[in-house]
Amino acid sequence: RGMAHVLSLSLRLFRLAAEERRQRREAETQSQLNQRLLDSLQERQELLERLARIQRSITHGTVREDVLDAICLGARELLGDEVAALQLVPPDDPDVLELVAMRGRDALELRGLRVARGQGIAWRAMGDGRLVVSEDYQRDEGAESLFRDRGIRAGMAAPVHESGRAVGSLIVAS
């Protein structure tokens with residue numbers, strides 16, 4: 001009976017140890033999930049703070065170019081890409097997109113650049129009305145040659161809307 005009692009205690013100890021390991025794994029998994037959620041919340045907080053600063057600059061009458069540059073800077077920093085640009089359809093020519101703001105390399109040199117309808121992912125994003133991603137811009141058939149020649153490898157563009165209609169695209173690229 002003594003051996004049976006020791007065996008019973010040993011089995012109970014093994015079960016408790018197994019249960020403790022299972023609970024520890026669950027706790028680690030929950031901790032990792034909590035960390036991801038915290039990181040996500042911090043990113044969202046950053047985004048909301050940046051959007052609030054942009055909104056304040058608009059309401060305080062900040063120069064249009066400064067507001068557009070702030071939008072590009074925010075997109076570039078939030079996504080961690082080398083280049084962020086904002087292309088809008090100018091009122092004088094609905095068949096082109098004009099580069100009105102850009103942050104990153106070649107920013108000053110390219111400001112004012114006009115891209116003909118149908119060229120580049122910005123036009124595609126406007127036409128599709130959704131985010132467009134080009135993971136291999138160098139081989140993308142619709143890529144704008146000037147950006148391809150400047151070494152853009154990957155990019156994505158999101159349409160910019162005004163009063164329910166697409167008026168441009170916000171682009172980030174590397």
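Let me start with one contact: Glu26 makes a salt bridge with Arg22, and the closest N and O atoms are 2.2 Å apart, where a salt bridge is taken as a side-chain nitrogen of Lys or Arg within 4 Å of a carboxyl oxygen of Asp or Glu. Before going further, I should say that this is a predicted model, in which local features need pLDDT of at least 70 and side-chain atom pairs count only at pLDDT 80 or more, while totals for chains, interfaces and linings use all residues. Residues are numbered from 1 along each chain as its sequence is written, and side-chain values use heavy atoms, with hydrogens and water left out.

Back to that pair. Both Glu26 and Arg22 lie in helix H1, 4 residues apart, which is about one turn of the helix; helices here are DSSP runs of H or I with at least four residues, strands are runs of E with at least two, and both are numbered from the N terminus. Glu26 counts as partly exposed because its relative accessibility is 45%, and Arg22, at 31%, is partly exposed as well; the scheme calls a residue buried under 20% relative accessible area, exposed over 50%, and partly exposed in between, with a 1.4 Å probe and protein chains only. Arg22 and Glu26 also belong to a network of salt bridges that includes Glu19.

How many salt bridges are there by this rule? The count comes to 9, and two others deserve a word. Arg153 and Glu82 meet through their side chains at 3.5 Å, N to O. This pair links distant parts of the chain, since Arg153 sits in the loop between helix H5 (145–149) and E5, whereas Glu82 sits in the loop between H2 and E1, 71 residues apart. Arg153 has a relative accessible area of 46% and is therefore partly exposed, and Glu82 is partly exposed at 34%.

The other one joins Asp95 to Arg117, with the closest N and O atoms 3.0 Å apart. Asp95 lies in the loop between E1 and E2 and Arg117 in the loop between E3 and helix H4 (120–128), so the pair ties together parts that are 22 residues apart in sequence.

Now to the sheet. Its 6 strands form an open sheet in the order E3-E2-E1-E6-E5-E4, with antiparallel pairing, two strands being paired if DSSP finds at least two bridges between them. At the edges are strand E3 (114–116) and strand E4 (132–134), each of which pairs on one side only. Strand E5 (residues 155–162) and strand E6 (residues 165–173) pair in the antiparallel sense over 8 bridges, and Arg165 in E6 is the bridge partner of Glu162. Helix H2 (residues 64–79) packs on this sheet, touching strand E1 (83–88), strand E2 (96–103), E5 and E6, where contact means heavy atoms within 4.5 Å.

Finally, the surface. Leu47, Leu48, Leu51, Leu78 and Leu79 make a nonpolar patch of about 440 Å²; patches consist of residues with over 30% relative accessible area and no salt bridge, like charges being joined within 9 Å and nonpolar side chains (Val, Leu, Ile, Met, Phe, Trp, Tyr) within 5 Å, with areas from the Shrake-Rupley method, a 1.4 Å probe, and, for residues, only the protein chains shown as cover. Helix H1 (2–59) gives the most to this patch, with 3 residues. Leu47 is found in helix H1 and is partly exposed, because its relative accessibility is 36%.

Methods:
Axes fitted to C-alpha atoms, helices over the stretch in contact; angles between N-to-C directions.
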